[in-house]
Amino acid sequence: MDILIYVALCLPAVLMILAGRLIVSVKKDSTMSAHHFTRNYNITSFSKKIIKLFTLTGIVFSIGGFMIYKELFAVGIVLLFVMLLIFAFSFASIYRKS
């Protein structure tokens, strides 16, 4: 039973990485269709920042869930809340600059 709980605690990391890849793909497609005349439009900076942000956030969410599971409720909740704030502000900043 514990193994299923540990697998479930890894799901936020996997889902956040997949969401980051999906956002990068959609942004790339929309940029290419809006700027079809540009041959070498560089979107790698945006992609790298988004992938790093989503990967780090997913890992920290998994760690926060693990802390809550191990009965460190206050630390886990604070970690999740702080990471959620950092994620929201960072994502808005990155998306606004692109």
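Here is a short walk through this predicted model, one selection at a time.

Start with helix H2, residues 44-69. With 26 residues at 1.5 Å each, H2 should span 38 Å, and its end C-alpha atoms sit 37 Å apart, which agrees. Just past the end of H2, click on Glu71: its phi is positive, about 70°.

Next, pick Gly65, still in H2. Setting aside neighbours within four places in sequence, Gly65 touches Leu9 and Leu80. While you're there, draw a distance from its C-alpha to that of Leu79: you should get 9.3 Å, for two residues 14 apart along the chain.

Now select Tyr6 and Tyr69. Their ring centres are 6.1 Å apart and the planes meet at 80°, so this pair is edge-to-face. Tyr6 belongs to helix H1 and Tyr69 to helix H2, so the pair ties together parts 63 residues apart in sequence. Tyr6 counts as partly exposed at 32% relative accessibility, and Tyr69 counts as partly exposed at 32% too.

On to the largest nonpolar core: select Met16, Val24, Ile43, Phe46, Ile50, Ile51, Leu53, Phe54, Phe87 and Ile94. H1 (2-34), H2 and H3 (73-97) each supply at least two of these residues, with the largest share, 5 residues, coming from H2. Zoom in on Met16 and, beyond its neighbours within four places in sequence, you'll find contacts to Phe54, Thr57, Gly58 and Phe87.

Finish with the aromatics. Show Phe46, Phe54, Phe87, Phe91 and Tyr95, which ring pairs link into a cluster. Then add Lys27: its charged end sits over the ring of Phe46, 5.6 Å from the centre. Lys27 also lies over the face of Tyr95, at 5.1 Å from that ring centre.

Technical notes
Residues are numbered from 1 along each chain as its sequence is written. This is a predicted model: local features need pLDDT of at least 70, side-chain atom pairs count only at pLDDT 80 or more; totals for chains, interfaces and linings use all residues. Side-chain values use heavy atoms; hydrogens and water are left out. Helices (H or I, at least four residues) and strands (E, at least two) are DSSP runs, numbered from the N terminus. Contact means heavy atoms within 4.5 Å. A nonpolar core is a set of buried Ala, Val, Leu, Ile, Met, Phe, Trp, Tyr and Cys residues joined through side-chain atoms within 4.5 Å. Buried means under 20% relative accessible area, exposed over 50%, partly exposed in between (1.4 Å probe, protein chains only). The expected span of a helix is 1.5 Å times one less than its number of residues. Rings of Phe, Tyr and Trp (its six-membered ring) pair if their centres lie within 6.5 Å; planes under 30 degrees apart count as stacked, over 60 as edge-to-face and the rest as tilted. A charge sits over a ring if NZ of Lys or CZ of Arg is within 6 Å of the ring centre and within 35 degrees of the ring normal.
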